[in-house]
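Let's take a walk through this structure together, starting from one strand and working outward. Have the model open and follow along.

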Amino acid sequence: MQEKDFTKMKRRGVCLIIAAPSGTGKSTLCKSLLSNHAELQLSISATTRQPRPGEVDGRDYYFYTKEDFKNLIQNEGLIEWAQVYENYYGSPRAPIEKALSEGRDILMDLDWQGFRQMKALFPKDVVGLFLLPPSLKALEERLRNRSSDSDDVIQSRMKKAESEISHWNEFDFLIVNDDLQVAEKAVETVLKSSRYAINRFQEEISC
């Protein structure tokens, strides 16, 4: 019988999707995860919004006109896309498919709509994590403390947050970001455990 070297088994990459209402600390947790896991790569999204100061095309986002973005949709160049307020956001297909097939892990920052689309396309590769604030009251306080938005804008964000939170049970994991360090460890646990799920491995094992 030919000896099988199990250390050389190939695995597919994990596509970890983190979704959360604005102000929950998602960006902070994503940055922490990327800084602690050099092998994890952030999926770069495409958008039709204007670049903010300091943002670079191809590093922070792929910036498109609305016409070019709609062409990408028609040509199936995006894995998922959604309209958020007046702009479009989406994930280019080719880089994600290539990374997963080569066993490289991807981190994606999406809303529940994007997660649902990705899960339908890659049911064995996508792992969804929903991040909650300690409470809606705490979320509103964070939104008021971090910006100078008007009451109308903040109330609009809160209504959107409540709508997003209603989809929490579509995800695979749920973490409440009450303590940042605890939440960071929890997110890392999700990533590490997902890497070793049975469906990550592509080879048949016979003895």
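What follows looks at a strand, its neighbours and the nonpolar cores. Keep in mind as you go that this is a predicted model.

A good place to begin is strand E8, which spans residues 126-132. How many of its residues are buried? Seven of its seven are, so the strand is mostly covered, given that buried means under 20% relative accessible area. Look along E8 and you will see its side chains split between two directions: Val126, Gly128, Phe130 and Leu132 point one way, while Val127, Leu129 and Leu131 point the other way. Residues in both groups are buried.

Now turn to the strands beside it. Strand E1, residues 15-19, pairs with E8 in the parallel sense over five bridges, and Leu16 has Val127 as its bridge partner in E8. E8 is also joined to strand E9, residues 173-176, by four bridges, and these two strands run parallel as well. There, Phe130 finds its bridge partner in Leu174 of E9.

From the strands we can move to the packing. The largest nonpolar core has 19 residues, and Cys15, Ile17, Ile96, Met108, Met118 and Val126 are those with the most contacts inside it. Two or more residues come from each of E1, helix H3 (93-101), strand E7 (106-109), helix H4 (112-121) and E8. A second, separate core has 17 residues, including Val14, Cys30, Val190 and Leu191.

Finally, zoom in on Ile17. Leaving aside residues up to four places away in sequence, Ile17 touches Met108, Leu110, Phe115, Met118, Val126, Val127, Gly128 and Leu129. In soluble globular proteins, nonpolar side chains tend to be buried together.

Conventions:
Residues are numbered from 1 along each chain as its sequence is written. This is a predicted model: local features need pLDDT of at least 70, side-chain atom pairs count only at pLDDT 80 or more; totals for chains, interfaces and linings use all residues. Side-chain values use heavy atoms; hydrogens and water are left out. Buried means under 20% relative accessible area, exposed over 50%, partly exposed in between (1.4 Å probe, protein chains only). Two strands pair if DSSP finds at least two bridges between them. A nonpolar core is a set of buried Ala, Val, Leu, Ile, Met, Phe, Trp, Tyr and Cys residues joined through side-chain atoms within 4.5 Å. Contact means heavy atoms within 4.5 Å.
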